[in-house]
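My notebook is open, and I want to see how two chains meet and how the sheets in one of them are put together. Here is what I am looking at.

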Amino acid sequence: MSQPSWIGPAGAEPAFEAPREHRLDFRFTGSGSEYFRIWIVNLLLTIVTLGVYYPWAKVRRLRYFYGNTLVGGQPLDFHGNPMTMLRGYVLIAVMGVLYSVAGRFSAVAGLVAFIILAAIWPALLRSSMQFRLANTSWRGLRFRFVGSLGDAYAAFLPAFVPGIAIVAALAAVSDPEQPPAWYAALMGIVSLVALAFAPWLWWKLKKYQHDHYALGPWRTRLTASCGSFYLVFLKTAGAALAAGLLVGVVVSVVAVLGIVGSSLGGSGRSSPLVAMVIGLVLAFTTLLAMQLVPRPYFTSRMQNLLWSRTGNEAMRFGSQLRFWPLFGLTLKNWLLVALTLGLYWPFAAVASQRMRIEAVSVTALVDPDDLIDQARGAEGEAAGDAAGDLFGLDIGL
Amino acid sequence: MGESAGPLVAADYFDGRSARAHPVRLQAAGDRLLIDGPTVSRSVALHEVRWPERTRHGPRVAHLADGASLHCSDSAAWDAWRHAVGSRESLVVRAQQSWRWTLASMVLIVLLLAAGYLWGVPWAARAALTMLPTEVDESVGETALAAIDERLMRPSELPLAQQQRIAGAFARAVAALPAHEVPVHRIVFRKSRIGPNAFALPGGTLVLTDELVKRVSADEAILVGVLGHELGHLRHRHGMRALAQVAALGTVAGLVVGDFSSLLASVPVWLGQAGYSRDAEREADAEAVRVLRAAGFSPAVMVAFFEAMARHDDGGARERSGLEIAIASHPADAERMRFFRDAGAAR
């Protein structure tokens, strides 16, 4: 406990000897069929209890996924208390209802509610990170999240500026059914600016997270630059564009074939139905291509960028998640989930978790055996974890 | 230690302060757990240990009250030891590990979802609406009308006298009904950009398009029937009910498949709402029959309405496959025509 350095017991190694590298691989040992059973039972209990069981279901799910994530042969573990988490969910649900009611009441009330939300949101997110990490352990050591409240506000508040501008403008418009010309212009400008700053906001958010993970004496830093985030966003846009062009070519070919086919066949009666089926197929192709290409592309590039740039002088993460295997897996998952009406989803979740986890590794200059816990982190509020869950924000690995 | 020779299992002990693993042997003696190894020797009360649940994959980790933990990667040996010690598993764990229980759970989920769809959601939507003041309907209807006027409609070009004649005929028909069964309503005429149509907006606005009036050659009886149908939507607050039902379906669908994709989660919501909508149309058709009868018209006049609508649609008969009916917001024309014809005959 009193050891100030991360080198472990003093004098354990002579100072002049080059430190040996310890490579810790990530393995995921969960199985789709087992998670399927856990998921079904969780789902039944959640439905029967009208949702009250949800925190217990979540703890079971996390414990299964964490317990099957082996880092250097040792599992992660989740310690969250479902009862604490339930209180968090109730609080968040009440806040959510108040927020949506305020918006219906009047535009000014909506603005006030949005500002209040923006004011507590960074604190909630920080709380969520603290809760999640303080309740995660490896080799008996609890992780910590050491980001300060001030940094949380600095990282997250810019993200609310476009929203506040829009809600404030809406409150200033006297007749929402006949918005003045400046309102539409403002919308356009705000959207463009928000789009241009999105990679920067994402970078600030990720930097706040990855700069403040801690285990024992280790604390991580993110060394990725803001420019590299812009590059990933641009490349993703390029990938989406390429997919869109490909779909465009396919659509034109099918359309031409359809015209030729219908003029040759000449069966006027069945053509509306055929046209509808073709239209549906094309619509789904387009949707899938827009979903199927950019998302795995962004996921793989962003995970690699984030985790190969996270570490400190004593340890470093690495990530080699490749796009094509992830694309193939996403395609397979989508098809099978759709064909089985959702029943394949637990298998899909396990398979993509395996691919993403097993792409990661850690290289440490210290024997993990010598890690000593220095301080127990603040536990954070479960409400934060619930908020992150409801609004779709999570640590991301 | 360990004289009361119970079964043993090997594990790694972590003290919670250092990441170093200490090999130990575990043994239960009475109500104590004995932890014994070259570097560790302690005993804790069995009930203070937070035991791991049995899974087929993944190691076992037990937590002690002071933050120490016991890891065992030989799960089979651990489970055998726990069994030999006489520990009982929770029902949830046993269900999760049994395909029979899983299948039973799936059947139960399907039954619950079906019951929820057939009775639960409509009942909850109706109950929610009784608490919702009608002012909300009016404001929703106003917003909707403004949006529709902007994109889909133009001012009516029907002569004012004809508009008044239609409104008058409907007012006389409705006057014959008991007053408390007639919701507040007003008829507005519009020229449509999307073909002949009529619809009811929450709060009491009935929109009738010029195109529909022309399509039925301004036949008064048919127009009373059409407006009676829309009045049925108002009386049952179908528009608001649809909003509540979509919200409820969305919540359930999000719970079941939303983790995977919100796009896929929207499909059951869409299909489910189409089913509710077909039921609502049937209710509204029943109202149309009531209004027609009150006005002294035969409900069978509506058969001519469907024929007039079909004649112009795509030249052919409107026969639909099962798939089309499943995704349609209205029941098949043939079914509705049969309904009105039967209602006319039953008179």
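**Entry 1: the interface**

I started with the area. Chain A and chain B bury about 4500 Å² between them, and 65% of that is on carbon and sulfur atoms. A note to self on why I looked at area: the size of an interface is often given as the accessible area lost when the parts come together. I also have to remember that this is a predicted model.

Next I looked up who touches whom. On the chain A side, 55 residues are in contact with 46 residues of chain B.

Then I went for the polar side of things. The rule finds 16 residue pairs in polar contact across the interface of chain A and chain B, with both residues at pLDDT 80 or more. Which elements of chain A give two or more residues to the side that touches chain B? I found α1 (32-48), α2 (54-67), β3 (74-78), α9 (271-292), α11 (323-339) and α12 (345-358) of chain A. The largest share comes from α1(A), with 15 residues. Sorting the residues on this side of chain A by kind, I get 28 nonpolar, 14 polar and 13 charged.

**Entry 2: salt bridges**

How many salt bridges does the rule find across the interface of chain A and chain B? I get three. Over all chains, the count by this rule comes to 20.

I followed up on Arg20(B). Its side chain meets that of Asp370(A) in a salt bridge, 2.5 Å from N to O. Arg20(B) also forms a salt bridge with Asp369(A), where the closest N and O atoms are 3.7 Å apart. With the cut-off at 4 Å, that second pair counts because 3.7 Å is within it. Where do these two residues sit? Arg20(B) lies in the loop between β1 and β2 of chain B, while Asp369(A) is in the loop between β11 (360-364) and α13 (382-390) of chain A, so the pair joins two chains.

**Entry 3: the six-stranded sheet of chain B**

I moved on to chain B itself. One open sheet has six strands in the order β4-β3-β2-β1-β6-β5, with antiparallel pairing. Why is one side of β4 (41-45) and of β5 (60-63) of chain B left without a neighbour in the sheet? They stand at the edges, each with a single partner strand, so there is nothing beside them on the other side in this sheet. On average, neighbouring strands here are turned by 30° against each other, direction ignored.

I zoomed in on one end of the order. Strand β3 (residues 32-36) of chain B and β4(B) run antiparallel and are joined by five bridges. Leu33(B) stands opposite Val44(B) of β4(B), and Ile35(B) stands opposite Arg42(B) of β4(B). A hairpin of four residues links β3(B) to β4(B).

Which helix lies across this sheet? Helix α1 (residues 75-85) of chain B lies across β1 (8-14), β2 (22-29), β3, β5 and β6 (69-72) of chain B, running at about 20° to β2(B).

**Entry 4: the four-stranded sheet of chain B**

There is also an open sheet of four strands in chain B, ordered β7-β8-β10-β9, and its pairing is mixed. The edge strands are β7 (153-155) and β9 (198-201) of chain B, each pairing on one side only. Neighbouring strands are turned by 40° against each other on average, direction ignored.

To see the mix, I checked β10(B) on both sides. Strand β8 (residues 186-192) and strand β10 (residues 205-209) of chain B pair in the parallel sense over five bridges, and Val188(B) has Val207(B) as its bridge partner. β9(B) and β10(B) pair in the antiparallel sense over four bridges, with Leu201(B) partnered by Thr205(B). These two strands form a hairpin with three residues between them, and Gly203(B) in the turn has a positive phi of about 100°.

Last lookup of the day: helix α4 (residues 134-151) of chain B lies across β7, β8, β9 and β10 of chain B, at about 145° to β9(B).

Technical notes. Residues are numbered from 1 along each chain as its sequence is written. Chains are lettered from A and ligands numbered from 1 in the order in which they are written. This is a predicted model: local features need pLDDT of at least 70, side-chain atom pairs count only at pLDDT 80 or more; totals for chains, interfaces and linings use all residues. Side-chain values use heavy atoms; hydrogens and water are left out. Contact means heavy atoms within 4.5 Å. Buried area is the accessible area (1.4 Å probe) that two parts lose on being put together, summed over both. A polar contact is a pair of N or O atoms within 3.5 Å; within protein, one must be able to donate a hydrogen and the other to accept it, and residues adjacent in sequence count only if both atoms are side-chain atoms. Ala, Val, Leu, Ile, Met, Phe, Trp, Tyr, Cys and Pro count as nonpolar, Asp, Glu, Lys and Arg as charged, and the others, Gly among them, as polar. Two strands pair if DSSP finds at least two bridges between them. Axes are lines fitted to C-alpha atoms, for helices over the stretch in contact, and angles run from 0 to 180 degrees between N-to-C directions.
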